[in-house]
Amino acid sequence: MASSEKLFLRALKGETTERPPIWLMRQAGRYLPEYMETRAKSKNFLNFCYSPDLATEVTLQPLRRYGFDAAILFADILTIPDALGQKVEFIKGEGPKLEPIRDMDGLSKLSLEGIHDHLAPVYETVSRLSKEIPETTALIGFAGAPWTNATYMVEGQGSKTYETIRSIAYTDPDFFQELINLLVESTSEYLLKQIEAGAEAVQLFDSWAGVLPEDQFDRWVIEPNKEITSRIKDAYPDMPVIGFPRGAGPLYKKFVIETGVDAVSIDQTVPLDWAVEELQPLCTVQGNLDNLCVVAGGEQMEEQVQKILDKMTNGPFIFNLGHGIVPQTPPENVGRVVEMVQNFDKTAI
């Protein structure tokens, strides 16, 4: 089947499709028993991400179980800092731990040299997936956006307040701009290589964009996403780019207008009526079921799914969550969401 006929790609091109395509962030993950069985075969998480056999298998697992309209490469956003030379570890029960970089001396230890050799297993996974996914399924490549990767690189771990990086962005903007520039360069090259290997769309995850005030959002979120999108479009003019500045609130609209993305993924706090009025005339909208609503399941979940379908399907729309599936999610609840979306008939509204 030609790529242009895939439901997901049609929606990304601005079509109002007969039903919305569906995929879910973290659709391959710890909520699935088959994922946990495969994960046990790798000594650590980064090794897991760099093992094409295992990464391909876990990407395919949710497709077999649910029949999603798109597959997303299984990897982690922190492959970029790792490839640049920063020490990255995933500690069980604690999450990622990095050797913090907070000044020019630390930045000087990072290098673009050799990143593609380091990331070659990821490109191999993309290439394999492009051949192994069903012909009606689209393949999404992805990367962390510069601001979000920088939060981990500077803080040294996940954070609730991001006080260290926000302070450094104010007090040492020259250093911080150099870090962002390096991330723009490496992220652009990473995504271009994924596209070369067979990705049919790409998503930039700016998961911590919402912690910034507007002027800082403009500089550290909009400008880097705009530059990466521009570089992708220069090389592949028809390649769809999805932006996800999670938590951006009313700044979502500015983000869409200024970055040039083809679609924007919205978190669960965005009012649907606002998204219909302010975002859908500009681009395809993706989202935004609360991931914890899927944990709860039952009538409440079904009501929320139906509400999103009723509100969003008169324009270009892709059904997704407001953030990724969490480990405690019952697999049968995910199945029910997929069933509702795939059986949706908007002519019956």
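Which residues does the UniProt annotation "domain: Uroporphyrinogen decarboxylase (URO-D)" cover? Here are some notes to help you find your way around, starting with that one.

1. The annotation, which comes from an unreviewed UniProt entry, covers residues 21–30. Please keep in mind as you look that this is a predicted model. Over residues 21–30 the chain is 0% helix and 0% strand. The C-alpha atoms at the two ends of this stretch are 23 Å apart.

2. Next, have a look at a hairpin. Strand E2 (residues 88–91) pairs with strand E3 (residues 95–98) in the antiparallel sense, and four bridges join them. One of the residues to look for is Val88, whose bridge partner in E3 is Leu98. Three residues sit between the two strands, and in this hairpin Gly93 takes a positive phi near 85°.

3. Now to the charged side chains. Side chains of opposite charge can pair when their charged atoms come close. The structure holds 18 salt bridges, and the next points go through some of them.

4. A good one to begin with is Asp69 with Arg19, where the closest N and O atoms are 2.9 Å apart. Asp69 belongs to the loop between helix H4 (52–66) and strand E1 (70–72), while Arg19 belongs to the loop between helix H1 (7–12) and helix H2 (33–39), so this salt bridge ties together parts that are 50 residues apart in sequence. Are these two residues buried or exposed? Both Asp69 and Arg19 are buried.

5. Turn next to Arg64 and Glu57, whose side chains meet in a salt bridge with an N to O distance of 2.9 Å. Arg64 counts as exposed because its relative accessibility is 54%, and the cut-off for exposed is over 50%. Glu57, at 25% relative accessibility, counts as partly exposed.

6. Two helices are linked by the salt bridge between Asp218 and Lys254, with the closest N and O atoms 2.9 Å apart. Asp218 lies in helix H12 (residues 214–235) and Lys254 in helix H13 (residues 251–259), so the pair ties together parts that are 36 residues apart in sequence. How do the two residues count in terms of accessibility? Asp218 has a relative accessibility of 21% and counts as partly exposed. Lys254 has 22% and also counts as partly exposed. Buried would mean under 20%.

7. Finally, it is worth finding Arg10, Glu15 and Glu18 in the model. These three residues are linked in a network of salt bridges.

How values were computed:
Residues are numbered from 1 along each chain as its sequence is written. This is a predicted model: local features need pLDDT of at least 70, side-chain atom pairs count only at pLDDT 80 or more; totals for chains, interfaces and linings use all residues. Side-chain values use heavy atoms; hydrogens and water are left out. Two strands pair if DSSP finds at least two bridges between them. UniProt positions are given in the numbering used here, feature names are shortened, and annotations may be inferred rather than shown by experiment. A salt bridge is a side-chain nitrogen of Lys or Arg within 4 Å of a carboxyl oxygen of Asp or Glu. Buried means under 20% relative accessible area, exposed over 50%, partly exposed in between (1.4 Å probe, protein chains only).
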